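I opened this notebook to record what I looked up in one protein model. The sequence and structure come before the entries.

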Amino acid sequence: MTSRPTSPRRGNCLAPTDIALLGNPLDFLAEDHLRIRTMCAEIDRLAQAATVETAEARAVLDFLTEELPFLIEDEDCDLLPLLIRRSAPEDEMHRLKARLDQDHARIVGRLSDVVAVFAVLSENGGRIPEAQREALRDFSADIRDHLLLENAIVLPFARLRLSEGDLDSLGLCMLQRRGLDRVMGADDAE
């Protein structure tokens, strides 16, 4: 895990983020944030659609259940604690972490309702009831607001404060969380 590409290989953000980007976990997170923005736009689009096809609903459901939880854990369990350890007191990372924790709690708190909407639609398609449409729009707006903070403050500070060893450790934790540490040739953490 020593390779540090100078720029991420950007995909179309319609498919899950390329796991090979974990060679530099901050590039992976930045790309994953683009993926999340794309999926938020898809949620907004479907919230306005006359009908939702099962394949569209399944793609959003897969994202919500198989990708988004990993990113939240990556940040909560690894990136933010590591960044706090490496930051200077004047960086006020504890204050920022408190805000990010609140954001994540709100997002996770709404996640099961959003998943339920797309789980039903992934079976038969159909139209989203008006009350749920607003909840979907609120959910995606919360995520977009949260990403602004992460992209403007967290990732730049991480690029400034984290060492090569920190990035290797972060990348390994992210691989292990996904069960890919052995597949990608990373050392066993035990």
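The entries below go from the whole protein to one helix and then to one residue.

Entry 1, sources. I noted that this is a predicted model, in which local features need pLDDT of at least 70 and side-chain atom pairs count only at pLDDT 80 or more, while totals for chains, interfaces and linings use all residues. Residues are numbered from 1 along each chain as its sequence is written, and side-chain values use heavy atoms, with hydrogens and water left out.

Entry 2, the whole protein. I found five helices and zero strands, where helices (H or I, at least four residues) and strands (E, at least two) are DSSP runs numbered from the N terminus. Buried residues (under 20% relative accessible area, 1.4 Å probe, protein chains only) make up 45% of the 190 residues. Contact means heavy atoms within 4.5 Å; of the contacts between residues at least 6 apart in sequence, 70% join residues at least 24 apart.

Entry 3, helix α3. I looked up residues 93-124, a helix of 32 residues that reaches 45 Å from its first C-alpha to its last, close to the expected 46 Å (1.5 Å times one less than its number of residues). At Leu 111, α3 bends by about 35°, the angle between axes fitted to the seven residues ending there and the seven starting there. Gly 125, just after α3, takes a positive phi of about 70°.

Entry 4, Arg 178. I located Arg 178 in the segment after α5 (164-177). Is Arg 178 buried or exposed? Arg 178 is buried because its relative accessible area is 16%. Its side chain reaches the backbone oxygen of Met 174 at 2.9 Å. Not counting residues up to four places away in sequence, Arg 178 touches Ile 19, Phe 28, Phe 70, Leu 71 and Asp 74.

Technical notes. Buried < 20%, exposed > 50% of the residue type's maximum accessible area, 1.4 Å probe, protein only. Polar contact = N/O pair within 3.5 Å; in protein donor to acceptor, adjacent residues only side chain to side chain.
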